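Reader: Hi! I'm in my first year and still learning to read protein models. Could you take me slowly through one part of this one?

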Amino acid sequence: TDQYAFLKGGTKKFNLNDFRAFARKSPGDAAHGEKLFRDVKGLACIKCHAVGGQGGQVGPDVAGIALKYKPEDLMTSVLEPSKVIAQGYETIIVTTDQGITLTGVFKGETADAVSLADKDGKLVNVPKKEIDARKFSPVSTMPNGLNEGMTLQDFADVIAFLEARKEEQVKAKK
């Protein structure tokens, strides 16, 4: 099968409950799930989520995530990213006085600027003197519809990979 069929719109559509039901009863292949997670041309999870310090810093590092979340919660996070947004990863929408709208994960602010990480993981600092409006959004920066790019087995594999993340400590970059 064409592993990038979803980019061409050629995959069968399943509803979110189909994915949950399949992952509950079918053991996933964590090694294949890791490949999917790290594939920047496919799901590209690694662009925003690190694993033990390797990868993007937009969303939470997934090392040790299975120590904090049950499998059902992990499924919801992948299928419905806006349902529960992890504290510290809220999405901010900034409109500049030039009418430009920027959206990303809020990364903090100084007296002079607001920082956000955009969907590509790039850190953007917006000078406060150029901000016309800003607000937090209830919608996650993580895209909805990731399931449309996965087979049921792919989903079970990604969940198996996340469930295997029981590292006690996030390893710092060397």
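Author: Happy to; we will start from one residue, follow its helix to a partner, and then go on to a pocket and a strand.

Keep in mind that this is a predicted model. Please find Phe-19, which sits in helix H1, the stretch covering residues 16-25. Is Phe-19 buried or exposed? Its relative accessibility is 1%, so Phe-19 counts as buried, the cut-off for that being under 20%.

Now let's see what is around Phe-19. If we leave aside the neighbours within four places in sequence, Phe-19 is in contact with Phe-14, Leu-79, Asn-147, Met-150, Thr-151, Leu-152 and Phe-155. Take Phe-155 from that list: along the chain it is 136 residues away from Phe-19, yet the two C-alpha atoms are 6.8 Å apart in space. Following the sequence alone would not show you that pair, so do look at the 3D view here.

Another name on the list, Leu-79, leads us to helix H4, where Leu-79 is one of the residues that meet H1. On the H1 side of this meeting are Leu-16, Phe-19, Arg-20, Ala-23 and Arg-24. On the H4 side you will find Glu-72, Met-75, Thr-76 and Leu-79. Sorted by class, the contact between the two helices holds five nonpolar, one polar and three charged residues. How do the helices lie relative to each other? The axes of H1 and H4 come within 11 Å and cross at roughly 145 degrees, and the crossing is right-handed.

H4 also takes us to the largest pocket, since you can find this helix in its lining. The volume of that pocket is about 1200 Å³. Its lining is made up of 47 residues, and those nearest the centre are Cys-48, His-49, Gly-59, Pro-60 and Met-142. Helix H3 (65-68), helix H4 (71-79), strand S2 (101-109) and helix H5 (152-163) each give two or more residues to the lining. H4 provides the largest share, with five residues. By class, the lining residues divide into 26 nonpolar, 12 polar and nine charged.

For a last stop, try a strand residue. Ser-115 belongs to strand S3, residues 113-117. Because its relative accessible area is 13%, Ser-115 is buried too. Beyond its neighbours within four places in sequence, Ser-115 is in contact with Val-105, Phe-106, Lys-107 and Gly-108, and also with Leu-123, Val-124 and Asn-125.

Notes. Residues are numbered from 1 along each chain as its sequence is written. This is a predicted model: local features need pLDDT of at least 70, side-chain atom pairs count only at pLDDT 80 or more; totals for chains, interfaces and linings use all residues. Side-chain values use heavy atoms; hydrogens and water are left out. Helices (H or I, at least four residues) and strands (E, at least two) are DSSP runs, numbered from the N terminus. Buried means under 20% relative accessible area, exposed over 50%, partly exposed in between (1.4 Å probe, protein chains only). Contact means heavy atoms within 4.5 Å. On a 1 Å grid over the protein atoms alone, a cavity is a set of points where a 1.4 Å probe fits but cannot get out, and a pocket is an open set with protein on both sides within 12 Å along at least five of seven lines; lining residues have an atom within 4 Å of a point. Grid points are joined across faces, edges and corners, and a volume is the space filled by probe spheres set on the points. Ala, Val, Leu, Ile, Met, Phe, Trp, Tyr, Cys and Pro count as nonpolar, Asp, Glu, Lys and Arg as charged, and the others, Gly among them, as polar. Axes are lines fitted to C-alpha atoms, for helices over the stretch in contact, and angles run from 0 to 180 degrees between N-to-C directions. A crossing is left-handed if the near helix is turned anticlockwise from the far one by less than a right angle, and right-handed if clockwise.
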